[in-house]
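Thanks for coming, everyone. I'd like to walk you through one structure today, so please have a look at it while I talk.

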Amino acid sequence: MKNMTENKNSEINHAFMVMAVLLVVTIFAIDSQIELGVAVGVAYVSVVLLGLWVPQRGFIPVAVAVCSALILLGFYKSPPPTGEMWKVISNRGLSLAVLWLTGILCLLHKRKTQALSDGETHTRSILNSMHDALIVIDESGVVFSVNPAAERCFGDSTRLWLRKL
């Protein structure tokens, strides 16, 4: 069972990596064909946001670094601007700022999500290892949780209590 889960996770990770590469290549191809001054660089934010679903810890920083390099490279590969150069440079600067801000926010979000998950796991392990029966009921009287000691005490039928009453 564990091996099947690992294979499934590996396939999902591979799919996210392929999507990220295709997205980066597509955005860069568009960026290098459109004249300078068009805000194509902001599209790289989608690659960073994809990192919210990728379990590897280093994906978001690597995505930010690669996309930043491509935003700068796109400055040199794109056709020359028809407008003023200061607008082009400020546009690229804003693209970089938005990209880095998104990367930082995504990393903070992943850190908070992981902390919540760790806290839930810790709480669940405490509740599951208790020898005393514990039935958690919310303010409206609905059974929210039943630990294994309560199941042993009252029988397996306690699972039927969940979300009822």
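I'll go from the overall layout to the core, then to a few single residues, and finish with the largest pocket.

A word on the ground rules. This is a predicted model, where local features need pLDDT of at least 70 and side-chain atom pairs count only at pLDDT 80 or more, while totals for chains, interfaces and linings use all residues. Residues are numbered from 1 along each chain as its sequence is written, and side-chain values use heavy atoms, with hydrogens and water left out.

Let's begin with the layout. The protein has 5 helices and 2 strands; these are DSSP runs numbered from the N terminus, H or I of at least four residues for helices and E of at least two for strands. Reading from the N terminus, the order is α-α-α-α-β-β-α. Of the 165 residues, 28% count as buried, and buried here means under 20% relative accessible area, with exposed over 50% and partly exposed in between, using a 1.4 Å probe and protein chains only. Now take contacts, meaning heavy atoms within 4.5 Å. Among those between residues at least 6 apart in sequence, 51% join residues at least 24 apart.

On to the core. A nonpolar core is a set of buried Ala, Val, Leu, Ile, Met, Phe, Trp, Tyr and Cys residues joined through side-chain atoms within 4.5 Å. The largest one holds 22 residues, and the members touching the most others are Y44, V47, V48, F59, I60, C67 and L99. Two or more residues each come from α1 (2-33), α2 (45-50), α3 (59-77) and α4 (85-129). Which helix gives the most to this core? That is α3, with 7 residues.

Look at L99 for a moment. Beyond four places in sequence, L99 is in contact with Y44, V45, V48, V64, C67, S68 and I71.

T102 sits in helix α4. Is T102 buried or exposed? T102 counts as buried because its relative accessible area is 14%. Its side chain reaches the backbone oxygen of V98 at 2.7 Å. Setting aside residues up to four places away, T102 touches V45, V48 and L49.

Next, two leucines. L23 lies in helix α1 and is partly exposed, at 30% relative accessible area. L50 belongs to helix α2 and is buried, at 12%. The two are 27 residues apart in sequence and 9.9 Å apart in space, C-alpha to C-alpha. Not counting neighbours within four places in sequence, L23 is in contact with S46 and V47, while L50 is in contact with F16, M19, A20 and F59.

Finally, the largest pocket. On a 1 Å grid over the protein atoms alone, a pocket is an open set of points where a 1.4 Å probe fits, with protein on both sides within 12 Å along at least five of seven lines, and lining residues have an atom within 4 Å of a point. Its volume, the space filled by probe spheres set on the points, is about 410 Å³. The lining includes L52, P55, I60, H109, K110 and R111. Helix α4 supplies the largest share of that lining, 7 residues. By type, the lining divides into 4 nonpolar, 5 polar and 3 charged residues. For that split, Ala, Val, Leu, Ile, Met, Phe, Trp, Tyr, Cys and Pro count as nonpolar, Asp, Glu, Lys and Arg as charged, and the others, Gly among them, as polar.

Terms used: Polar contact = N/O pair within 3.5 Å; in protein donor to acceptor, adjacent residues only side chain to side chain.
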